[in-house]
Amino acid sequence: MSVDPSPRLGTSAVEVRRSARRSRTVSAYREGDRTIVLIPARMSEAEERRWVRVMLDKLAAQESKRTLGDAELTERAERLSGQYFDGRARPASVRWVTNQNTRWGSCTPAEGSIRLSHRLQGMPEYVVDYVLLHELAHLLVPGHGPRFWRLLEAYPRTERARGFLEGVVAAERMPHQPAAPGE
């Protein structure tokens, strides 16, 4: 059994449990703030590292598919504001909308309202968090000047989330190939 105390994908630790009875299968589950990964005892350390990454990604994908309601979205925005902006960004409302097909989110600072595109639902949590933080930052700084981007530097996954969203946009612009016969 090994424990990785470094945070990964929202968990504080990863615990690997080896089993002699387990021959081929690998599984993982969350237990409080810890992720438990079950692997065969004969697996090498390199295979263990690879499977831990695979299973963490798989759990994150499953968790991101759970759609947050507006109430959970508001709670998340409040938590992120506290964590990254010392609670200074206080939205009056945070909600999903279906009429934003060309932008990921929007903010009306005068009203304190934040709207996120329904297209974000099912994306990784760090991407939704980035878009929420982006809109929260607009409650503090209206434009996209240097002060605005300095606020977002506090979020360690800003560049990764922006890259993910750019990839989604690029994929949407790709020409769709017709399916091969029999697919």
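Me: Before we look at helix α5, what does "buried" mean here?

Reply: A residue is called buried when its relative accessible area is under 20%, and exposed when that value is over 50%. Keep in mind that this is a predicted model. In α5, the buried residues are Thr158, Ala161, Leu165 and Val168.

Me: Where do those four sit around the axis of α5?

Reply: They cover an arc of only 95 degrees, which puts them on the same side of the helix. The face turned away from that buried side carries Glu159, Glu166 and Arg173, which are exposed.

Me: And what do the buried residues of α5 pack against?

Reply: Their partners are α3 (125-140) and α4 (146-152).

Me: How many ångströms should α5 span, and what is the distance between its ends?

Reply: Count 1.5 Å a residue: the 16 residues of α5 (158-173) should then span 22 Å. The end C-alpha atoms are 23 Å apart, which agrees with that expectation.

Me: Let's turn to rings. How many aromatic pairs does the whole structure hold?

Reply: A search finds three. One of them joins Tyr84 and Tyr155, with 5.4 Å from centre to centre and 90 degrees between the planes, an edge-to-face arrangement. Tyr84 belongs to helix α2 (residues 70-85) and Tyr155 to the loop between α4 and α5, so this pair ties together parts that are 71 residues apart in sequence.

Me: Are Tyr84 and Tyr155 buried or exposed?

Reply: Tyr84 has 19% relative accessibility, so it counts as buried. Tyr155 counts as buried too, because its value is 6%.

Me: Why is the pair of Phe148 and Trp149 called edge-to-face?

Reply: Look at the angle: planes over 60 degrees apart count as edge-to-face. The planes of Phe148 and Trp149 stand at 85 degrees, with the ring centres 5.0 Å apart, so the pair fits that description. As for accessibility, Phe148 is buried at 0%, whereas Trp149 is partly exposed at 27%.

Me: Which residues lie over the face of Tyr126?

Reply: Arg157 does, at 4.9 Å from the ring centre. Arg160 lies over the face of Tyr126 as well, at 4.6 Å from the ring centre.

Me: Finally, what does the side chain of Ser117 reach?

Reply: Start with its place, which is strand β7 (residues 113-117). Ser117 is buried, with a relative accessible area of 0%. Its side chain reaches the backbone oxygen of Gln100 at 2.8 Å. Leaving aside neighbours within four places in sequence, Ser117 is in contact with Trp96, Val97, Gln100, Arg103 and Trp104.

Methods. Residues numbered from 1 in each chain as written. Predicted model: local features only at pLDDT ≥ 70, side-chain atom pairs only at ≥ 80, totals over all residues. Heavy atoms only, no water. Helix = DSSP H or I, 4+ residues; strand = E, 2+ residues; numbered from the N terminus. Expected span 1.5 Å × (residues − 1). Buried < 20%, exposed > 50% of the residue type's maximum accessible area, 1.4 Å probe, protein only. Arc of directions from axis to C-beta. Contact = heavy atoms within 4.5 Å. Phe/Tyr/Trp six-rings, centres within 6.5 Å; stacked < 30°, edge-to-face > 60°. Lys NZ or Arg CZ within 6 Å of the ring centre and 35° of its normal. Polar contact = N/O pair within 3.5 Å; in protein donor to acceptor, adjacent residues only side chain to side chain.
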